[in-house]
Every structure is written in C-alpha cells, then in structure tokens.
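Me: Please take a close look at one part of this model, the hairpin and the loops beside it, and then place that part among the charged and nonpolar features found elsewhere in the chain.

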Amino acid sequence: MERESGWCVMRSCIGKSLLVGILALGPVAPAAAQTQSEAAWLETVEAEGPTEIERGAYLARAADCMSCHIGPDGTAYAGGKPIETPLGDIVAPNITPSDEYGIGDYDLADFRAVLRDGRSPDHMLYPAMPYAYYRDMPDEDIAALWAYMQTVEPVERAPEAETDLPFPFNVRLSMRVWNALALDDRTWPQDPQLARGAYLVDVLGHCGACHTPRNGLMIPQDDQYLGGAKIRGWIAPNITPADNGGLGHWEVADIADYLRTGQAMDVVQAAGPMAEVVHFSTRHLDDDDLMAIGAYLKSVPTLPTPGQERPIVLPAAERPEYAHEFGSIREDMTRALADDGVTGTARLYVETCASCHGVDGQGQAPAYYPPLQDSATIRRADATNLVQVIANGVQHEMLYRAPPMPALRGDLTDPQIAELANYVRTEFGGFETSDLAAEDVNAILNPVQDLPFYIEYAATLAWIAIALVLIGLAALGWLVWSRYGRGERSGA
Ligand code: HEC
Ligand code: HEC
Ligand code: HEC
C-alpha cells in the first residue's frame, strides 16, 4: 500500500538540507490549511458559545496538552515539567491565561503561530513542543482550542524549572533550520474514517513522536513510520499491523479498548509513558474516534520488528481463557511456599509476584490482575519494558481498578530483577531460554543516550564555525583594503 501518511516525510535529508536551512531563515511556510480571516473565526467562536469551548476542551484532550503542561503539583497547565531531549531538558511553560506568567497576552494569531510554526511572540520554540504534528490542525480547530484555553484558571506563578540548554542549542534561531528540514506537507486518506484516524494519530495525538524512530537530526524517519522507538528508557512498540511485532493480531476494537482503558485482551497493559497518554488523553475520546484510530493503525504500511520471530500477541483463536478459581491464589501460594522443592528464582517469584499474578501466572483477570501467561510485555523479544514494569510498576491511578502493580525497584536488586524477568519469560512467555544479566537491567533502568556526534561536539563545532567566519571576514577585509584602500592612497 502506498504510504498515505506522509507528514513526517524526512526529506532526502542532508542533500537539500543546508541550502534550504539557510534560505529558511525567512519565515516558515504556513501549513496548507485554508486561511479564514481572524474576525470570521472569532465570530464563529462567539456565536457557537459553550459548544465551541467544549469542542476545544475535547481537542486539548485529544492533543494531550495536559500531559506536558501540567504543573508538578498537578495544577492544570501551570508548566514546569522537564521534557527530556538529547539536547537536554526543555521545560514546558505555563500556558494558562495569566498575563504575566502564561499566555494571557497572546492573541489568536500568536497561538496559531505556536501550533503551526513553532514560534511564540518572542522566540522560536523547540520541537519538544510537538508543533511539527499540530501544524496540520485546521483553522476552526485552532480557534476552538483557543476559546477553551481562555477558560482555563489562570496560574499566577512561573514554572519552578527553567530551560537551560548548553551553547549552541540555546540559540533558538537554529530551530528555523530544523523546521525547514523536518516540516513538510502531507496527504490524507480518502476514506473519511481513515482520514479522521490519521488526523487523530498524526496531528492531535502525535503518536509518532514516541512510536516513530528519529534520525541523527531528530527528524522522524518516514520509512520507519510507527515502526517502534525508544523513549525515556521504554520501548514505544511497533504499532503497524505486523503479525509478529505489531498490531496484526489486534482487532480494531482491541485497539479502542486499549486506548480507552489501558488494557486489551487481558494480555496487554499500558505502562510508563503510554499510561500517561491513556490517562490524560485517549480515555477521554469518544468511541467513534477510538475506532477511527484503530482502523487507521490497521491501514498503515506494515514494518517488521527486528528480532521478534513469534507473535507478541497470539492470534485470538490461540488465546485461552485465563480462568482461575476464585480464592485459589492464596491456597496455591501457601502450598508452594510449604514445598521445599520450590527454591531459588521459583520461590522468589512466588514471594514477589504470585500474590497478584498467581503461582502459575494465570492472574485474576476479572479482578484486573492480568495473567502473565502470554503477556505481551513478557513475550516481546526486547525485555526493556518488562524490566521497567518490574522495577517501576504500572501507574494507573486513572483506572478504577485493583491496586496498581507496585514499583519493586526498592525491594529487589538488579540481579533479582534479571532473574525474575528470565523466569517469567521462560515460564509464561514461550522463551526457551532467557539470559538477561544484572548489567542489562542496569543499562535499561539507567539509559545513556547514544548522542549523534554533532550534538556531543556541538559547542566545539559552533566555535570552529564562528572562528572560520571571522577568519573569512578578516581575509575579505584585508583583500578589500589591499585592493581599494591602498589603491586610493597611492592614487591620492
Ligand atoms: C510533548 C510535550 C508537549 C505537548 C504534548 C504540548 N506541549 Fe506546548 N510546549 C511544550 C514545551 C517543552 C514548550 C516550550 C518549548 C520551548 O521552550 O521552546 C511548549 C510551549 C508551548 C507554548 C508557548 C508558550 C510560550 O511561552 O510562549 C504554548 C502556547 C503551548 N506550548 C501550548 C500547547 C498546547 C495548546 C498544546 C496542546 C495542543 C501543547 N502545548 C502540547 C511541550 C508540550
Ligand atoms: C509519550 C510517548 C508515547 C506517545 C505520545 C504515544 N505512545 Fe503508545 N506507547 C508508548 C509506550 C512507551 C508504549 C509501551 C507501553 C507498555 O509496554 O506498557 C506504548 C504502547 C502502545 C500500544 C500497545 C502496543 C503493544 O504492542 O503493546 C498502542 C496500541 C499504542 N501505544 C498506541 C498509541 C497511539 C494510538 C498513540 C497516539 C494517540 C500513542 N500510542 C502515543 C509511548 C507513547
Ligand atoms: C500488588 C499486586 C502485584 C504484584 C505483587 C505484582 N504485580 Fe504485576 N501487575 C499488577 C497489576 C494490577 C497489573 C496491571 C496494571 C494495569 O493494567 O494497570 C500488573 C501488570 C503486570 C505486567 C504487565 C504490564 C504491562 O505493561 O504490560 C507484568 C509483565 C507484570 N505485572 C509482571 C509482574 C512481575 C514479574 C511481578 C513480580 C516481580 C509482579 N508483576 C508483581 C499487580 C501486581
């Protein structure tokens, strides 16, 4: 199938690049959406009144603005959350309508420039603010979102943290070069449901910000669209319709379930960064929109997941009922603990995990303790998310459920986490062998970014460039002086 979702088209990159980059020091080309007069927007917003504000509130959910702009104490849109990037942490600002600390002094055109061009009235923004995705929002959606943002409670204080990037990344003008390389127009699927899905996935939901890998210039790789990437020490998995590594064995309704509740088919749960997405964003979407996302994801080009030779999620026909007898878990545990034959890692598993997931990993699905048998996280060839889940638990304050999966990092050593991961992979995940070691656990939990060389040496490179420019200017000056200055004097 032809790729239809081309927004993240990484231009045949470096080729066109620097020239375009330098030319682009002019304003970024506006997105293709048709432009209405501002007065007309405001008229619509005022005429529509509360419904327009409600629509804006829904768009803010779908675009997940809260997840980054929430204050550390949970105050809506107060800002202060550091967004990790390879350049350093970029702090999300206060975007409440406070004149002094927020965006109270913006007008609609300023707001649109933020979402479309990554430009706030006084500076260029870093793409940690996902304007590269939002830029395809049509005018009427930006106006509705703007109407809603006006109704947010103003927060009269500055965020606690501040962005402090090293030179040369603190030169915000450089983002114009990035914009010229990274931003491109896109095409939309013809089918209305798929087009809606594409809008929710690629524009509002900015799913590719986590699920599509980036190249060395931090530009999403078009040919790896939604093919899976690393993010904050987690794997944001392949969500193309691949049978082994992706959503091949998910029904559209399973995808909708997952986005609505954070779990699907008993064997997949949303943890880590995805739990936040479900919490702040997707669980608030209506069913038609969730089904549109599902249908669209099932329509994108399939990509393989390297190393994943068995399906992560079994085909429906091969998934058993993960039945257990009510109350049996306690009895099974007592029996296992009294059994001297249960030693080593098997005993550690019974002591640490079985009270919720059962001695045989059958879980208690009706009570929301998922089975570990056939668990997607356990069957995944890359054990990153399994180690994260054991160490950091599953935060799901959003899901009115049984007690959440606790973070066990404080109770277990790295070698024990490795042992338990190996144990559940071979017992419940269909692995013949698994040999994670303590060092692997440590590397997963304390990821060191492999920085592209230009980031690591950026300051040196920038100084060299500045020195070259200065030398060039000096040489030019000397040349001009020696030709004309001297000539004039000798002529005088
Ligand atoms: C992935 C995290 C993330 C999401 C999601 C996000 N933002 Fe941002 N936003 C940021 C960061 C980080 C900055 C600051 C960038 C900088 O300093 O260059 C920012 C900057 C802004 C600014 C500029 C404020 C100023 O100081 O001028 C506005 C306005 C804004 N965001 C609004 C929104 C809206 C509206 C949404 C939802 C449609 C949204 N953001 C979603 C991270 C995010
Ligand atoms: C902030 C980063 C981030 C964003 C944004 C994000 N995801 Fe995810 N997603 C993840 C991570 C990390 C996981 C793995 C969670 C886990 O294993 O518990 C995941 C898992 C998933 C899964 C389950 C895949 C599987 O095989 O288990 C689906 C489906 C999914 N995301 C869809 C979406 C959609 C649709 C969007 C946009 C609306 C989205 N994601 C946006 C990070 C993200
Ligand atoms: C106090 C109960 C409890 C204990 C103890 C516990 N878990 Fe969990 N676990 C849960 C719950 C509840 C969930 C589902 C969370 C959700 O869906 O929000 C879960 C989810 C999981 C998942 C799926 C997460 C995902 O993102 O796919 C795995 C894997 C897992 N647990 C493994 C373990 C292992 C291994 C141990 C022992 C080291 C353990 N759990 C101990 C309650 C527990």
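**Around the hairpin**

Reply: Gly80 is buried, since its relative accessible area of 8% falls under the 20% that marks the limit for a buried residue. The model is a predicted one, and the description that follows should be read with that in mind. Gly80 sits in the loop between α4 (65-69) and β1, and its C-alpha lies 9.4 Å from that of Ile90, a residue 10 positions away in sequence.

Ile90 leads into the hairpin itself, because in β2 it is Ile90 that serves as the bridge partner of Ile83. Strand β1, made of residues 82-85, pairs with β2 in the antiparallel sense, with 4 bridges between the two strands, and the hairpin that β1 and β2 form has 2 residues between the strands.

The loop that holds Gly80 also holds Lys81. The side chain of Lys81 meets that of Glu276 in a salt bridge, with 3.1 Å from N to O. This pair links distant parts of the chain, given that Lys81 is in the loop between α4 and β1 while Glu276 is in helix α12 (residues 272-280), 195 residues apart. Lys81 counts as partly exposed at 24% relative accessibility, and Glu276 is likewise partly exposed, with a relative accessible area of 24%; a value counts as partly exposed when it lies between the 20% limit for buried and the 50% limit for exposed.

On the other side of the hairpin, the loop between β2 (88-91) and α5 (108-117) contains Asp105. Asp105 counts as exposed because its relative accessibility is 56%, and it takes part in a negative surface patch together with Asp99, Glu100, Asp122 and Glu156.

Turning to the charged pairs elsewhere, the structure holds 12 salt bridges. One of the pairs joins Asp202 and Arg186, whose closest N and O atoms are 2.6 Å apart. This pair, too, links distant parts of the chain, with Asp202 in helix α9 (residues 192-204) and Arg186 in the loop between α8 (175-182) and α9, 16 residues apart. Both Asp202 and Arg186 are buried.

Another salt bridge stays within a single helix: the side chains of Asp332 and Arg335 meet at 3.6 Å, N to O, and both residues lie in helix α14 (residues 328-338), 3 residues apart, which is about one turn of the helix. The two partners fall into separate accessibility classes, for Asp332 counts as buried at 16% relative accessibility, whereas Arg335 counts as exposed at 54%. Elsewhere, Glu52, Arg55 and Asp141 are linked in a network of salt bridges.

The nonpolar feature of the surface is a patch whose members include Trp463, Leu470, Trp478 and Tyr484, and the whole patch has about 1200 Å² of accessible area together. Leu470 has its place in helix α22 (residues 458-491), and Leu470 is exposed because its relative accessible area is 53%.

To return to the part you asked about, the hairpin of β1 and β2 has a buried glycine, Gly80, in the loop between α4 and β1, and an exposed aspartate, Asp105, in the loop between β2 and α5.

Definitions and conventions: Residues are numbered from 1 along each chain as its sequence is written. Chains are lettered from A and ligands numbered from 1 in the order in which they are written. This is a predicted model: local features need pLDDT of at least 70, side-chain atom pairs count only at pLDDT 80 or more; totals for chains, interfaces and linings use all residues. Side-chain values use heavy atoms; hydrogens and water are left out. Patches are made of residues with over 30% relative accessible area and no salt bridge: like charges are joined within 9 Å, nonpolar side chains (Val, Leu, Ile, Met, Phe, Trp, Tyr) within 5 Å. Accessible areas come from the Shrake-Rupley method with a 1.4 Å probe; for residues, only the protein chains shown count as cover. A salt bridge is a side-chain nitrogen of Lys or Arg within 4 Å of a carboxyl oxygen of Asp or Glu. Lys and Arg count as positive and Asp and Glu as negative; His and the chain ends are not counted. The place of a charge is taken as NZ of Lys, CZ of Arg, CG of Asp or CD of Glu. Buried means under 20% relative accessible area, exposed over 50%, partly exposed in between (1.4 Å probe, protein chains only). Two strands pair if DSSP finds at least two bridges between them.
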